[in-house]
Amino acid sequence: MKTNVINHKSLLVLLFIGAFWISFTVFQNSTKIWTALELPVSFQNWSFIKKSSHSKSPQCSLVSTAEMDLKIKQTMEKINQLIPPRPFTHINATTSATQSKATILNPQDSYCTGDQLHILLEMKDHLGHRKEYGGDFLRARMSSPALKAGASGKVTDFNNGTYLVSFTLFWEGQVSLSVLLIHPSEGAAALWRARNQGYDRVIFTGQFSSGNSKVNTDCALVLNSSAELCQYLDAQDQEAFYCLKPSRLPCAALTHMHSKNTKASYLSNQEQSLFVRSNVGVEILKNFKMISVSNCNKGTAPVGEKCKFGMTSALPSGHVWKGMWKPASCSLAPVEMKECLRGKFIHLMGDSTIRQWMEYFQTNVHTLKSVDLHESGKLRHQLAVDLERNINIQWQKHAYPLIGSLTYSVKEIEYIARAIDRIGGDKNTVIVISLGQHFRPFPIDIFIRRVLNIHSAVERLLLRSPDTLVVIKTENTREMNSDVERFGNFHGYIQYLTIKDIFQDLNVGIIDAWDITIAYDTNEVHPPQHVVGNQINILLNYIC
C-alpha cells in the first residue's frame, strides 16, 4: 500500500513538471509572436492597465490568439496577391483612361436580351505606351436612364494590361455602357501601402465624467505614448481601444467620444496627384455610342424561382428595372411588411447604413412604436415594437472604431460578437450585420480581426440555434470625391471582398449592397430610401 502511495506521488510530480514545461514553452512562443506584431496583449476582461504592465494569461487564450493571428496573416496574403507594389517615377507612367483602347468583341447592329456583350480593354499610360501589368481599379456599369434601369458589369483582369468587361443585357431598349478608371494600378498600390502604415488619420477624443468633473483626452486604436493609458479590452477576442488616462479620474469614467480627421498622410506628393477629383473615376468609353437591345421574339422571360435564404448569387447579382431591384438568379415576390414581420425579433447591428434600415421600418410600419431606452444622440441604441403583432426591431452600433464629429455615448458600447453571444436565437430571430465604412481609415488587419470574431460568434450561434436567420449586408459605395486616402471606395471594395470570403463557409444570407449601389449609381455613403427599401425587400423574401 505504501509503495502504491509513493508511486502515485511520483507520478503527480512528473505530471506537474511536464505541465509546467509545456506552459512555459507555449508562453515563450506566443510572446515572440506578439512581439513581432507589436500589438498590446492583455487578457483581463475590459481591464484598465498602464502601458508598461505585462499580464500573464491562460494558455487557451494564447493558443486562440495565435490561431487568430494566423488567419489574419492568411487573409492579408490573399489581398497582397491582388495588389502588388507598383512604384512609378512620373504620373505619365500611370494608366490613362483617355489613352487606353476599348474594343467591342463581335459587334452587332442590335443585340438580344440575355446576350453577353464583351469589351476588350488595352490599357496605356499617358504617353501612349501599353501597360504590361494589371491591377487598375475599374467600375463597369450599363444603364438606361429613361427606363430607370442599371446593372454592373463583370471585369476580368488578365494581369498583363488587358481586361475583359462583360455585360449581361438584361433589358431591351437603348443602353449606355460605362467603364470608369477609378484609380490606376499605381494609385491602388499606393493606397494599399499607405493604409497599412498608420492609425493616425483619425484621432478620437474621449470624455471622462465623474460628478461635476469632465476631462477630455486623446484616444485611439493604438496610442504611441509613454503616459499612463486606459485599455478597454475585449478579453475573449483580443480587441482593444486606448485612451490617455486622466490624472484625477478612473478609466471607468469614460462616457462619451467624438473624432476628427487629422492631416496625417502616408502618400507622397506625386502619389497624391493621382487622387485629385479630375483623376478619379475617368470614363474610358467616352466615345462609345448607345447600343440597341431588343427582345428578338423570345417572348416573355419565365419568372424565376422565388428568392430564398441560402441561394448563391451570380455576378452581377441583379439589375435595376423601373427603379426596382431584380436579382439575376431568382425573383422577388411582393411582401406585406407588417405580416411578414409578425412575431419576429430583428437585430440590426453595425454602422449608420444599417441604421437606415431601422429608420425605413419605422417610416413604413406605422404601428411600430419607439421605446425610450434613456440614451441620447444619433448613435443611441434604438428599439421599436408593435405589441399587437409581437414585432421587435432594434439597432445597435458596432464598437470602436466609430467615427463621428458629433459626440456619442460609449457607456453601452459593445462588440457585435458579444451581442451575438447574448442572443439565444430561434426561427423567429433575424440578425442583420453591416460594417465597413468606419474601418476604411485604418490598417486592414483591424477589419479582418473584427470580421473573423463576428464569424466565430455567428458560428457559435448557429450551432446552438441553427434556425436563426443571419444576414450580412455588405458595405455600399460612397462619394467619388470623398477623402480618398481615408474613405475612398478602393478601401471599401477590399473590405467587401474580404467579408464575403470570410463568411462563405457559413449558412448566412448575403445582401450585396456594393453591387446594388453600383447598379443604382448612388455614390452616397447613405443611399436614398428607395434603394434601402429594395435591400429590405430582399430580407423580407428571405424571411417570408
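This is a short talk on aromatic pairs, one buried lysine and one covered helix in a predicted model.

Okay, let's start with the rings. The structure has 10 aromatic pairs. Take Phe241 and Tyr400 to begin with: these two are stacked, with 3.9 Å from centre to centre and 10° between the planes. In sequence they sit 159 residues apart, so to speak at two distant addresses: Phe241 is in strand 12, residues 239–244, and Tyr400 is in the loop between strand 21 (391–397) and strand 22 (408–409). Buried or exposed? Both Phe241 and Tyr400 are buried.

Now compare the geometry of Phe309 and Tyr542. That pair is edge-to-face, at 5.9 Å centre to centre and with 90° between the planes. Phe309 belongs to the loop between strand 15 (291–294) and strand 16 (318–321), while Tyr542 is part of helix 12 (residues 529–543), so this pair ties together parts that are 233 residues apart in sequence. As for burial, Phe309 comes out at 24% relative accessibility, and because buried means under 20%, Phe309 counts as partly exposed. Tyr542 has a relative accessible area of 15%, so Tyr542 is buried.

There's a cluster of rings too. Ring pairs link Phe137, Phe490, Tyr493, Tyr496 and Trp514. And one cation over a ring: the charged end of Arg355 sits over Trp395, 5.6 Å from the ring centre.

Next up, Lys473, which you'll find in strand 24, residues 469–473. Which side chain of opposite charge is nearest to Lys473? It's Asp351, at 5.3 Å. A salt bridge needs a nitrogen within 4 Å of a carboxyl oxygen, so that distance doesn't qualify, and Lys473 is buried with no salt bridge. What the Lys473 side chain does have is a polar contact with the side chain of Thr353, at 3.2 Å. Leaving out residues up to four places away in sequence, Lys473 touches a list of residues including Ile354, Trp357, Val432, Ile433, Ser434, Ile511 and Gln535. Ala513 is on that contact list as well.

Ala513 takes us to helix 11, where it is one of the buried residues. How many residues of helix 11 are buried? The helix runs over residues 513–520, and 8 of its 8 residues are buried. Among them are Trp514, Asp515 and Tyr520, and Trp514 is the one you heard about in the ring cluster. Just after helix 11 comes Asp521, with a positive phi of about 60°.

That's my tour, thanks.

Note on methods. Residues are numbered from 1 along each chain as its sequence is written. This is a predicted model: local features need pLDDT of at least 70, side-chain atom pairs count only at pLDDT 80 or more; totals for chains, interfaces and linings use all residues. Side-chain values use heavy atoms; hydrogens and water are left out. Rings of Phe, Tyr and Trp (its six-membered ring) pair if their centres lie within 6.5 Å; planes under 30 degrees apart count as stacked, over 60 as edge-to-face and the rest as tilted. Helices (H or I, at least four residues) and strands (E, at least two) are DSSP runs, numbered from the N terminus. Buried means under 20% relative accessible area, exposed over 50%, partly exposed in between (1.4 Å probe, protein chains only). A charge sits over a ring if NZ of Lys or CZ of Arg is within 6 Å of the ring centre and within 35 degrees of the ring normal. Lys and Arg count as positive and Asp and Glu as negative; His and the chain ends are not counted. A polar contact is a pair of N or O atoms within 3.5 Å; within protein, one must be able to donate a hydrogen and the other to accept it, and residues adjacent in sequence count only if both atoms are side-chain atoms. Contact means heavy atoms within 4.5 Å.
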